[in-house]
Amino acid sequence: MTFAPLTALVEEKTLPQSFIRIEDDRPKVAYNQFSNEIPVISLAGIMGESESQREEISKKIVEACEEWGMFQVIDHGVEEDLISEMYRLSREFFSLSDDEKLQFDMTGGKKGGYLVSSHLQGEAFHDWREFFTFFTYPVESRDYSRWPDKPEGWRKVTESYTKKMMDVACKLMEVLSEAMGLEKEALAKACINVNQKLLTNFYPKCPQPELALGVKRHTDPSTIVLLVQDQVGGLQATRDGGKTWVTVQPIQGALVVNIGDHGYFLSNGRFKSADHQVAVNSSYSRLSIATFHNPTPEAIVYPLKIRQGEKAVLDEPITFTEMYRRKFANELAVGWNKKIPSKEQQQLQQEPEKPNLHQLQQETKLKRPEEIFV
């Protein structure tokens, strides 16, 4: 199903019903109520000759992964000019006319393109965002027909940017591998071949931001995710199951690092899978750019090391494809099992049709993770 771009809704006074979250899921903290609780770590010296300096940086990274599954890095080696160019190109794309953006409509099983709200079929509530996504690594998986051809220069800048992000992700995976007492290539080998997907998120001004989310509360399926965000704010994290939330402080040039479900399972739960969501606002649009670093679909998901006295967080080894499918089915079920408050129910002209979740699960049985898109 294709949703119209959100452009026409920005000036409305009220949200369409499909974007209104149940009360428990609405943002509890403002988009710009920033917190300094998420660790900020300099990577300067991580590859240097000083062993003590490397150990100190590694210690900070491990502590952040154990506590939050999220941290920010500076001095990471990605030029700020390159990040600025990615911002510029992304903003120019989302400023195109609706017809120009919809030329890259991703519906119908296309592996990359433009979408509104979510990549999952049958979501109960819609996210207040537009986004563009495509696969960047391995290089042979690139389908340049799904990359934007406007604005000019997109391909060259994106290739440079994603290469830099892959380098940082691999460096961080080495640190985490050694922290588990394994060879530094352990996490990368568990991925078989590290895949990468680029996703640019655009969050327009929202007429009723207190009722909606830019992206619902979730964890990412990936091994590790790197994200840059502009200075508006809206990324929020929790470490206590959603009881309390903090809004991540935007830092010019910093990368936000999220551990995903794959990283959580490989570490046997030692490293948290970052639990996060995105709040929106009525005053400013917001942009973020994420690179997701994943294993190949057939990679086996199971703890690489189980420490003395621990129990494995998985009953048996599964493929990344199966891990993704289970996550996908659970997210749909959770969304549709939530009740719409009776007061808001009265405002509905027509209750949305609930999808056949069993049928959706069956339809994805033979699909790879990258194919479980609208």
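Reader: Hello! How many helices and strands does the protein have?
Author: Welcome! What you see above is a predicted model. Its secondary structure comes to nine helices and 15 strands.

Reader: What share of the residues is buried?
Author: The protein has 374 residues. A residue counts as buried when its relative accessible area is under 20%. By that cut-off, the buried share is 55%.

Reader: Which helix gives the most residues to the largest nonpolar core?
Author: That core has 66 residues, and Ile61, Phe71, Tyr161 and Leu172 touch the most other members. The helix that gives the most to this core spans residues 154–179 and supplies 11 residues. Its name is H4.

Reader: Which residues does Ile61 touch, leaving out those up to four places away in sequence?
Author: Leaving out those sequence neighbours, Ile61 has contacts with Phe71 and Leu172. The full list for Ile61 is Ile41, Leu43, Phe71, Leu172, Val175 and Leu176.

Reader: How many residues are in the second core?
Author: This core is separate, and among its members are Ile38, Trp68, Met70 and Val256. Its residue count is 17.

Reader: Let's turn to the sheet. Which strands stand at its edges?
Author: Eight strands form an open sheet with mixed pairing, in the order S2-S3-S11-S8-S13-S6-S5-S4. Each edge strand has a single partner strand, so one side of it is left without a neighbour in the sheet. The edge strands are S2 (40–42) and S4 (113–116).

Reader: By how much are neighbouring strands of this sheet turned against each other on average?
Author: This is an average for neighbouring strands of the sheet, with direction ignored. The value is 25°.

Reader: Which residue in S5 is the bridge partner of Gly113?
Author: S4 and S5 (residues 130–137) run antiparallel and are joined by four bridges. In S5, the partner of Gly113 is Thr133.

Reader: At about what angle does helix H2 run to S13?
Author: Helix H2 (residues 80–94) lies across several strands, including S4, S5 and S13 (286–294). H4 also lies across strands, among them S3 (70–74) and S8, running at about 130° to S8. For H2 and S13, the angle is about 115°.

Reader: Now for the aromatic rings. Why is the pair of Phe94 and Phe202 called stacked?
Author: Phe94 sits in helix H2 and Phe202 in strand S6, 108 residues apart, and the pair links these distant parts of the chain. Both Phe94 and Phe202 are buried. Their ring centres are 5.2 Å apart, and planes under 30 degrees apart count as stacked. The pair is stacked because the planes of Phe94 and Phe202 stand at 15°.

Reader: How many residues apart are Phe320 and Tyr324 in helix H7?
Author: Phe320 and Tyr324 form an edge-to-face pair, with 6.3 Å centre to centre and 65° between the planes. Phe320 is buried, with a relative accessible area of 3%, and Tyr324 is buried too, at 9%. In H7 (residues 320–337), Phe320 and Tyr324 are separated by about one helical turn, being four residues apart.

Reader: Which residue lies over the face of Tyr144?
Author: Tyr144 belongs to a cluster linked by ring pairs, which also includes Phe94, Trp147 and Phe202. The residue over the face of Tyr144 lies at 3.5 Å from the ring centre. That residue is Arg155.

How values were computed
Residues are numbered from 1 along each chain as its sequence is written. This is a predicted model: local features need pLDDT of at least 70, side-chain atom pairs count only at pLDDT 80 or more; totals for chains, interfaces and linings use all residues. Side-chain values use heavy atoms; hydrogens and water are left out. A nonpolar core is a set of buried Ala, Val, Leu, Ile, Met, Phe, Trp, Tyr and Cys residues joined through side-chain atoms within 4.5 Å. Buried means under 20% relative accessible area, exposed over 50%, partly exposed in between (1.4 Å probe, protein chains only). Helices (H or I, at least four residues) and strands (E, at least two) are DSSP runs, numbered from the N terminus. Contact means heavy atoms within 4.5 Å. Two strands pair if DSSP finds at least two bridges between them. Axes are lines fitted to C-alpha atoms, for helices over the stretch in contact, and angles run from 0 to 180 degrees between N-to-C directions. Rings of Phe, Tyr and Trp (its six-membered ring) pair if their centres lie within 6.5 Å; planes under 30 degrees apart count as stacked, over 60 as edge-to-face and the rest as tilted. A charge sits over a ring if NZ of Lys or CZ of Arg is within 6 Å of the ring centre and within 35 degrees of the ring normal.
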